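Here is a short briefing on helix packing and salt bridges. Please look over the sequence and the model before reading on.

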Amino acid sequence: LVVTAALLASMVGWLIGDSGAEPEHNRVDTGFLQDMREHHQQAVEMSWIYRSKPDTDPGLREVARTIIVGQNLEIGRMIQMLRGFGEPEYRDAGTPMDWMDDEHATHGGDAPSGGNPDDPFTQMPGMATEEQLDALNAATGRDADELFVELMTVHHQAGAEMAQYAIDHGANDEVVAMAEGIVHGQLGEIVEMENLLK
């Protein structure tokens with residue numbers, strides 16, 4: 001018991017002593033977490049819109065539910081990591097995607113032409129425009145199924161590319177592990193949605 005108590009005390013002391021230390025991270029880790037948080041929030045929004053419709057495909061509705069739950073959990077983890085890094089939870093300076101080089105910032109998921117100039121996050125690759133969100137809101141039945149898959153596929157492809165860049169250039173192991181999960185999960189959901197839409 002004495003040995004166990006001593007070990008516990010030393011562990012607590014180490015945790016307290018280490019709690020003020022910021023984990024190793026770089027601008028890619030920070031930018032990825034801040035921008036992917038915004039990216040995820042729109043995916044959750046699109047999924048809520050789609051799930052509000054009673055006349056849509058049950059399998060796709062389940063995918064939308066998975067996106068809502070999974071990406072909200074990841075948003076929470078992103079906030080936790082940013083706090084641990086001593087970085088703002090939201091981007092407070094710079095331009096979204098400035099943590100990626102010019103080639104990757106637009107490749108594979110062009111920024112929407114109808115983005116809101118007052119909201120730079122709408123210019124991120126894969127983000128749906130307000131017009132597209134309005135169209136999803138208005139769609140019903142098979143049209144809603146097809147539009148949801150179309151918008152979410154573009155969104156996921158861009159998100160996977162952002163995550164792959166973080167894998168290749170990030171410095172923090174937890175960020176890289178999260179990015180790996182995002183690539184695997186979002187590319188898998190694209191395949192699943194395409195199969196359900198057939």
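A salt bridge here is a side-chain nitrogen of Lys or Arg within 4 Å of a carboxyl oxygen of Asp or Glu. By this rule the model, which is predicted, has seven salt bridges. Three of them are described below, followed by one helix pair, α5 and α6.

**Salt bridges around R91**

- R91 and D35 meet through their side chains in a salt bridge, at 3.1 Å from N to O.
- R91 lies in the loop between α3 (58–85) and α4 (102–106), while D35 belongs to helix α2 (residues 27–51), so this pair ties together parts that are 56 residues apart in sequence.
- Buried means under 20% relative accessible area. R91 has a relative accessibility of 15%, so R91 counts as buried.
- D35 counts as buried too, because its relative accessibility is 0%.
- R91 also forms a salt bridge with D98. Their closest N and O atoms are 3.3 Å apart.
- D98 has a relative accessibility of 33% and therefore counts as partly exposed.

**A salt bridge within α6**

- R142 and E146 form a salt bridge through their side chains, with an N to O distance of 3.1 Å.
- Both residues sit in helix α6. They are four residues apart, which is about one turn of the helix.
- R142 counts as partly exposed, at 44% relative accessibility.
- E146 is partly exposed as well, with a relative accessible area of 36%.
- Shared partners join salt bridges into one network of D35, R91 and D98.

**Packing of α5 against α6**

- Two packed helices are described by the angle between their axes and the distance between the axes.
- Helix α5 covers residues 130–138, and helix α6 covers residues 141–169.
- The two pack at an angle of about 150°, and their axes are 9 Å apart.
- Angles over 145 degrees count as roughly antiparallel. Helices α5 and α6 are therefore roughly antiparallel to each other.
- The crossing of α5 and α6 is left-handed.
- On the α5 side, Q132, A135 and L136 make the contact. On the α6 side, A144, L147, F148 and L151 make it.
- Which kinds of residue make up the contact of α5 with α6: nonpolar, polar or charged? Six are nonpolar, one is polar and none is charged.

Notes. Residues are numbered from 1 along each chain as its sequence is written. This is a predicted model: local features need pLDDT of at least 70, side-chain atom pairs count only at pLDDT 80 or more; totals for chains, interfaces and linings use all residues. Side-chain values use heavy atoms; hydrogens and water are left out. Axes are lines fitted to C-alpha atoms, for helices over the stretch in contact, and angles run from 0 to 180 degrees between N-to-C directions. Angles under 35 degrees count as roughly parallel, over 145 as roughly antiparallel, 65 to 115 as roughly perpendicular and the rest as oblique. A crossing is left-handed if the near helix is turned anticlockwise from the far one by less than a right angle, and right-handed if clockwise. Contact means heavy atoms within 4.5 Å. Ala, Val, Leu, Ile, Met, Phe, Trp, Tyr, Cys and Pro count as nonpolar, Asp, Glu, Lys and Arg as charged, and the others, Gly among them, as polar. Buried means under 20% relative accessible area, exposed over 50%, partly exposed in between (1.4 Å probe, protein chains only).
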